[in-house]
Protein chains: 2
Amino acid sequence: MADHVKTKSRKDRIMEAALRIFAEKTFQDATISEISKESGVSEATIYEYFGTKEDLLFAIPEKITTDNLKDYQLVLPFIKDVEGRMRAILLSYVQLYQSNSHYSALVLLQLMSNKRFRQTDAHAAIRLAAHGLLDCIREGIANGTFRKDADAYLIRSILMGTIEHLFIHWHMQGMPKREKTIVDMLDPFLELVLSGIRTKRDEQGLTLNLKLEDANALAQLLRLNEILPESLKQKVNGRKKSNKQ
Amino acid sequence: MADHVKTKSRKDRIMEAALRIFAEKTFQDATISEISKESGVSEATIYEYFGTKEDLLFAIPEKITTDNLKDYQLVLPFIKDVEGRMRAILLSYVQLYQSNSHYSALVLLQLMSNKRFRQTDAHAAIRLAAHGLLDCIREGIANGTFRKDADAYLIRSILMGTIEHLFIHWHMQGMPKREKTIVDMLDPFLELVLSGIRTKRDEQGLTLNLKLEDANALAQLLRLNEILPESLKQKVNGRKKSNKQ
DNA sequence: TACACTATCAGAGTCAGACTGTCAAGAATT
DNA sequence: AATTCTTGACAGTCTGACTCTGATAGTGTA
């Protein structure tokens with residue numbers, strides 16, 4: 001079977017053409033004959049590879065899903081820090097869209113509006129994000145990183161909904177051309193959300209209160225926890241050193 | 001023309017049937033003959049009222065839009081407080097979905113995935129939310145309520161994207177049946193987002209930074225540090241005095 | 001009552017486009 | 001060369017959007 005290469009490239013050509021056409025038209029407005037012309041592959045062959053037009057639409061997410069998603073999945077279990085893991089998941093999710101920013105959001109929207117898609121949750125990247133984030137948030141609540149009263153489902157919806165909304169409306173009217181990419185916005189965004197659900201400072205204050213005997217230990221803990229802004233940490237550091245001297 | 005009533009009820013019957021069927025199927029899977037049977041109105045008459053099947057789909061948002069949306073629009077200019085105005089906009093947006101929670105999110109998704117809809121931004125409620133929120137955020141930044149470096153577009157995407165995401169996935173697998181409604185979740189959600197962009201926290205950081213002399217004072221401050229700003233300054237002031245004594 | 005006018009409908013018909021089946025040509029494999 | 005697989009051209013089926021026509025029934029008017 002040495003024609004794997006050829007076969008694959010033909011299938012790829014169909015899907016690339018389909019991706020382009022589905023993005024610029026609606027699902028029902030895009031015709032197979034158009035995709036046939038665009039890809040240079042006959043209609044019959046398209047039906048050879050994809051049983052129905054809908055199957056062709058559903059094959060696209062797997063194509064969009066870049067290899068780095070797999071990398072992320074491999075790396076994920078090794079990130080102990082809950083927030084770090086959430087960041088990695090979101091980053092993989094954003095990069096998935098970003099890598100095909102002209103098409104993916106629009107095509108994904110068509111997929112989402114399809115009942116079959118909604119029922120099966122067929123997209124690996126979406127599954128990863130949806131389940132992975134939920135697990136992280138729950139773990140964070142369990143281990144005290146996040147507040148007990150944080151609503152895991154709400155937080156997940158904030159994280160995923162915002163990313164999706166940004167991409168869907170990225171090229172729309174009322175959205176300016178921006179110098180920033182969505183990847184650039186990820187960290188400020190994540191920080192905004194996480195700062196809203198981290199255990200409150202006064203709760204931390206209580207724990208600190210119980211465990212700490214002197215101000216030195218507090219300073220160390222502070223540095224480790226990185227609760228405070230950079231400027232403050234430096235001040236604590238400097239103070240500690242001068243104390244020991 | 002005394003048959004306005006009759007005419008209107010017929011049109012309504014068509015749209016109600018269409019709403020139900022578009023929600024349970026895809027746009028392309030829903031057939032006019034089906035809507036004809038469901039509504040008890042002949043196909044020919046459906047085409048009398050709505051030129052095309054797509055027109056019928058696009059007529060639905062106007063039907064979904066509840067009257068209270070108009071009330072909100074009237075009230076809006078009288079709410080001086082920026083955050084209050086944002087809350088009102090979001091509430092009207094949420095209630096739009098909530099009022100037809102079985103259908104509206106799904107149908108709206110189909111609308112959004114339609115190019116025509118994306119280009120025209122045709123839904124009054126979406127227009128209100130999109131433009132209104134942006135104005136509020138900008139005003140908040142201008143008058144010092146929100147931080148100068150807050151990204152208005154990002155904040156708007158957080159607010160609208162989350163609401164949309166919640167409704168779209170409300171009936172999906174992996175989302176539990178919940179006792180809370182989305183309206184109930186609005187205030188905690190909004191508070192989470194707003195607390196991340198209010199000016200107060202930054203200023204806190206700065207004041208703390210300036211006033212600290214040693215690790216001891218830092219520890220005391222931390223214990224006292226509750227996120228609310230007014231109480232903080234008072235307590236810090238008090239503590240400082242007692243130190244000096 | 002007769003007449004005109006409108007809303008509605010059934011049914012027949014057009015047409016585009018998804019999908020199938022067939023066969024022939026060519027490429028790869030044996 | 002023979003065989004098998006892949007591909008494409010083409011013809012054809014079928015479904016569903018949309019149109020047209022003429023009938024019916026209700027309503028208002030002379």
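I take a polar contact to be a pair of N or O atoms within 3.5 Å; within protein, one must be able to donate a hydrogen and the other to accept it, and residues adjacent in sequence count only if both atoms are side-chain atoms. The model is predicted, and I accept local features at pLDDT of at least 70 and side-chain atom pairs at pLDDT 80 or more, while totals for chains, interfaces and linings use all residues. Residues are numbered from 1 along each chain, chains are lettered from A in the order in which they are written, and side-chain values use heavy atoms, without hydrogens and water.

**DNA strand C.** I looked up the polar contacts to phosphate oxygens, and for B:Arg10 I noted a side-chain N or O atom 2.7 Å from one of them. Backbone N or O atoms serve in two further cases, A:Lys53 at 2.8 Å and B:Ser42 at 3.1 Å. Counting a residue as near when one of its heavy atoms lies within 4 Å of the strand, I find 16 residues around DNA strand C, with A:Tyr47, A:Lys53, B:Arg10, B:Thr45 and B:Tyr49 the closest. Of the strand's atoms within 4 Å of the protein, 84% belong to sugar and phosphate.

**A:His165.** I then turned to A:His165 in helix H10 (residues 152–168) of chain A, helices being DSSP runs of H or I with at least four residues, numbered from the N terminus. Its relative accessibility is 5%, so I count A:His165 as buried (under 20% relative accessible area, 1.4 Å probe, protein chains only). Beyond its neighbours within four places in sequence, A:His165 is in contact (heavy atoms within 4.5 Å) with B:Ser157, B:Met160, B:Gly161 and B:Glu164.

Definitions and conventions
Helices (H or I, at least four residues) and strands (E, at least two) are DSSP runs, numbered from the N terminus. Buried means under 20% relative accessible area, exposed over 50%, partly exposed in between (1.4 Å probe, protein chains only).
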